[in-house]
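Visitor: Please take one part of this model and go through it closely. I would like to know what surrounds it and what open space it borders.

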Amino acid sequence: MSIIEVSDLRKSYGGRAAVDGVSFAVEEGEVFGILGPNGAGKTTTVECVEGLRVPDAGRVRVTGLDPVADHERVARVLGAQLQQSELQAKLTVREALQLYASFYPTPADWRPLAERLGLTEKLTTRFAKLSGGQKQRLFIALALIGNPRVVVLDELTTGLDPRARRDTWQLIEDIRAGGVTVLLVTHFMEEAQRLCDRIAVIDQGRVAALDTPDSLIRRSAGATVVSFTPSAPLDEGDLNALPELASLAHEEGRTTLSGTDETVNAVITLLARHRVTAHQLRVTDATLDDAFLDLTEVAV
């Protein structure tokens with residue numbers, strides 16, 4: 001049995017469908033990503049999983065439990081870091097950890113948890129004095145303090161500087177290594193590509209695609225991009241006849257093509273046949289950004 005099951009989930013606000021038939025399943029022990037643009041329905045979806053919103057239709061189960069009807073039992077197995085969270089400004093880190101630990105019958109020991117998340121030296125610091133990265137670490141600790149089997153992290157690194165963001169990514173990897181299933185909501189492509197075992201791309205309230213990051217990238221229209229400045233003009237017909245060609249562009253004397261590895265090999269052969277030198281040749285693989293743009297353009 002999957003640890004999270006969502007089937008044909010629907011939720012509307014004022015007659016507008018925020019979530020329109022979303023379905024996916026999360027397996028125990030994986031980092032499952034929900035990726036999409038702002039307003040795509042990501043947060044509404046996970047709030048239904050957390051039991052914070054009541055679906056209009058569809059079925060949601062967490063460890064076989066209904067998050068609404070069995071909310072108290074679900075709260076014992078699911079921890080959450082919400083998209084927007086605040087604590088009382090004068091509350092210290094120690095007081096917050098002790099308070100949240102008191103909510104659970106068998107909480108984790110907050111002391112090693114604080115040490116693991118780099119909060120030991122901040123235990124007497126008031127919430128208002130913490131940096132953005134330190135606040136995020138604290139919210140992760142509060143999400144984990146109930147010894148959950150599943151943790152939901154919603155837009156965890158929004159607003160963080162690059163160093164703090166990468167430190168937080170390492171924390172997520174550590175959480176998964178500790179046996180906790182992670183449901184990660186994000187709109188950062190690099191974050192999803194690095195951390196997630198599988199990703200559901202949500203656009204306009206629907207699942208546009210669900211697969212591993214590598215598989216989503218391979219499905220991109222141009223999985224490989226090659227660019228160069230030719231020493232002499234190439235015949236446009238020859239370029240357009242290249243196998244698996246997805247796009248072709250010329251700008252300021254530079255030629256850029258996207259396609260597959262077969263396209264790249266054919267370009268090199270074409271250059272050699274016409275004895276044309278490719279200056280400043282660059283070959284790059286597509287990223288999740290490219291796949292995301294393809295998928296959401298199709299979905300629209």
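Guide: Helices here are DSSP runs of H or I with at least four residues, strands are runs of E with at least two, and both are numbered from the N terminus. On that basis the chain of this predicted model has eleven helices and 13 strands. The part chosen for the close look is helix 5, residues 132-144.

Some context on the chain comes before the helix. Its C-alpha atoms fill a box of roughly 75 × 45 × 35 Å along the principal axes. Of the 300 residues, 46% are buried, where buried means a relative accessible area under 20%. Among contacts with a separation of 6 or more, 67% join residues 24 or more positions apart.

Helix 5 has 13 residues, and from its first C-alpha to its last it reaches 19 Å. The span expected at 1.5 Å a residue is 18 Å, so the two values are close. Ten of the 13 residues are buried, so helix 5 is largely enclosed by the rest of the structure. The buried set begins with G133. It continues with Q136, R137, L138, F139 and I140, and then with A141, L142, A143 and L144.

What do these buried residues pack against? Two of the partners are strands, namely strand 5 (78-81) and strand 6 (150-154). The others are helix 3 (93-101), helix 4 (110-116) and helix 6 (162-177).

Strand 5 leads on to the open space. The largest pocket holds about 430 Å³, and its lining is made up of 18 residues. Helix 5 gives two or more residues to that lining, as do strand 5 and helix 2 (71-75). Strand 5 gives the most, with four. The lining residues nearest the centre of the pocket are L78, G79, A80, Y100 and Y104. By class, twelve of the lining residues are nonpolar, four are polar and two are charged. Helix 5 thus packs through its buried residues against strand 5, and both elements also contribute to the lining of the largest pocket.

Away from helix 5, two cysteines can be added to the account of burial. C48 counts as buried at 1% relative accessibility, and C196 is buried too, with a relative accessible area of 7%. The count of disulfides is zero, taking a disulfide as a pair of cysteine sulfur atoms within 2.5 Å.

Conventions: Residues are numbered from 1 along each chain as its sequence is written. This is a predicted model: local features need pLDDT of at least 70, side-chain atom pairs count only at pLDDT 80 or more; totals for chains, interfaces and linings use all residues. Side-chain values use heavy atoms; hydrogens and water are left out. Buried means under 20% relative accessible area, exposed over 50%, partly exposed in between (1.4 Å probe, protein chains only). Contact means heavy atoms within 4.5 Å. On a 1 Å grid over the protein atoms alone, a cavity is a set of points where a 1.4 Å probe fits but cannot get out, and a pocket is an open set with protein on both sides within 12 Å along at least five of seven lines; lining residues have an atom within 4 Å of a point. Grid points are joined across faces, edges and corners, and a volume is the space filled by probe spheres set on the points. Ala, Val, Leu, Ile, Met, Phe, Trp, Tyr, Cys and Pro count as nonpolar, Asp, Glu, Lys and Arg as charged, and the others, Gly among them, as polar.
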